[in-house]
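Please read the following paragraphs alongside the sequence and the structure. They move from the chain as a whole to a sheet, then to several helices, and finally to a hairpin and some loops.

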Amino acid sequence: MNKLKTVAILGAGLAGHASARALRREGFDGSITVVGDETHRPYDRPPLTKEYLAGVIDENELSLEAEGEDLGADWMLGARAVSLDPGQRAVTLADGTILRSDAVIIATGSTARALPSMPPGAHILSTLDDANRLRPELVPGAHLVVVGSGFVGLEVASTARGLGLEVTVLGSSDAPLSRTLGLAVGTAVQELQRSHGIVIRNNAPVTAILGTTHVTGVELASGEVVPADVVVVGIGSIPAVGWLADSRLELPDGVACGEFGSTSAPGVIAVGDCSAWFDPIRGRHHRVAHWTDSRERPVAAIHFLLTGERPVRALRPSYVWSDQCGSRIQFAGRLLGSEEVVTEAGSLETGDLFQVFRRAGEPVAVVGINQQHLVASWTKRLAAAARSNNVPERTLA
């Protein structure tokens, strides 16, 4: 085993916590320091748009730490990293503290994109603090406008509608999720949302959020103004790597890494939303900002860091899920964009569509709406294919 004595983990979210856990499970008995810019201990983010926003669960139920779990780490919360000297593996914090260690794990995640004008009443939703600011404004009868028709925006729309708000979703594509999962799935999701009273407007790019003391509306590129009492912006994320600008690490879209998270600097690895691992299928670095990847890739990265050996098992196919309006949308696999898509079960009309994506005749991904059993079965098939082909990493276009 590598003779590392000290490890610093930058980021106390899902990927940072998974990294600390993986270190201990691999037998590392040295010092672990976890630095997080939030004051909260590791918590789960998917419920922020759903159960937590709706008030069904409380903050304690978001915890990622198992009951009684003690990783023997030094947690430095409310501390922000501002620079890294990769050669010395030295991290400088905002208060001037310098942390030196034998290895550095970059797990700083991503930040939600905002619009240039964000008056009071306009929100992003990425963190627990974001959710706490938004929750009091979701009052019955208010009009919520969601900018963006991706997973976050659609889940917030569903939750808000369940709370009694009037909801309008403004998307910039032909249908919700269509750029990622195709027009058929997008159409099905659109009808699902509309059947619950949510107004979906496609190809409606936004130019500004209006208001001074409080939001009053959203201006479209056409000049039309959509009135709003509250606005949520869900237009994607940006890797949180600005603090690494002077580090000499490659930052194409996140931290450029090898197949198992190693960077160009010995002893420095990156995992989670902020990392862009090399994808041998694409032949380039590719950032994957999904929960399952942030939880599972650290296991492979830590094994490689400590042993220098490839993980024995290929990671499972990429998996993404979204709960909206009482339905579950699931995706598993790898998409490059040129696949043939075949509907193999269900239909748009019945709200239980199931599709298989094939490349050169071989299944590479599946997507299902209310098709949990089929998705689970096919995910196992895709995982078996990945193991037989020794494909080590997973991506979702």
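The protein chain contains seven helices and 26 strands, where helices (H or I, at least four residues) and strands (E, at least two) are DSSP runs numbered from the N terminus. This is a predicted model, in which local features need pLDDT of at least 70 and side-chain atom pairs count only at pLDDT 80 or more, while totals for chains, interfaces and linings use all residues. Residues are numbered from 1 along each chain as its sequence is written, and side-chain values use heavy atoms, with hydrogens and water left out.

The radius of gyration of the protein chain, taken over C-alpha atoms, is 21 Å, close to the 21 Å that the globule rule gives for 397 residues, so the chain is as compact as a globular protein of that length; the rule itself is 2.2 Å times the number of residues to the power 0.38. The C-alpha trace spans about 60 × 55 × 40 Å along its principal axes. Of the 397 residues, 53% count as buried, a class defined as under 20% relative accessible area, with exposed meaning over 50% and partly exposed in between (1.4 Å probe, protein chains only). Among contacts (heavy atoms within 4.5 Å) with a separation of 6 or more, 61% are made by residues 24 or more positions apart.

One open sheet has five strands in the order E22-E23-E26-E25-E24, with antiparallel pairing; two strands are taken to pair if DSSP finds at least two bridges between them. Strand E22 (319-324) and strand E24 (340-345) stand at the edges with a single partner strand each, so one side of each is left without a neighbour in the sheet. From one strand to the next, the twist averages 20 degrees. E22 is joined to strand E23 (residues 327-333) by six bridges, and the two run antiparallel; in this pair, Trp321 stands opposite Gln330 in E23.

Across this sheet lies helix H5 (residues 183-195), which covers E22, E23, strand E25 (354-359) and strand E26 (362-369) and runs at about 10 degrees to E26. Such angles run from 0 to 180 degrees between N-to-C directions, with axes fitted to C-alpha atoms, for helices over the stretch in contact. H5 has 13 residues and reaches 18 Å from its first C-alpha to its last, close to the 18 Å expected at 1.5 Å a residue, the expected span being 1.5 Å times one less than the number of residues. The buried residues of H5 are Val185, Gly186, Ala188, Val189, Gln190, Leu192 and Gln193. After H5 comes Gly197, with a positive phi near 90 degrees.

Helix H3 (residues 151-162) should span 16 Å with its 12 residues, and its end C-alpha atoms are 17 Å apart, which agrees. Its buried residues are Gly153, Leu154, Glu155, Val156, Ala157, Ser158, Thr159 and Ala160, and what covers them includes H5 and E22, along with strand E10 (143-147) and strand E11 (166-170). Just after H3, Gly164 takes a positive phi of about 100 degrees.

How much of helix H6 is buried? Of its 17 residues, 12 are buried, so H6 is largely enclosed by the rest of the structure. The buried set includes Asp293, Glu296, Arg297 and His303, and the cover over the buried residues includes helix H1 (14-25), strand E7 (103-106) and E22. H6 (residues 291-307) has an expected span of 24 Å, and its end C-alpha atoms are 25 Å apart, which agrees. A kink of about 25 degrees lies at Arg297, shortly before the proline Pro298; the bend at a residue is the angle between axes fitted to the seven residues ending there and the seven starting there. Gly308 follows H6, and its phi is positive, near 75 degrees.

Elsewhere, strand E4 (residues 81-85) and strand E5 (residues 90-93) pair in the antiparallel sense over four bridges, with Val91 in E5 as the bridge partner of Leu84. E4 and E5 form a hairpin with four residues between them. In the turn, Arg89 has a positive phi of about 50 degrees although it is not a glycine, and at 23% relative accessibility this residue counts as partly exposed. Asn370, in the loop between E26 and helix H7 (372-389), is another residue other than glycine with a positive phi, near 55 degrees, and at 30% relative accessibility Asn370 counts as partly exposed.
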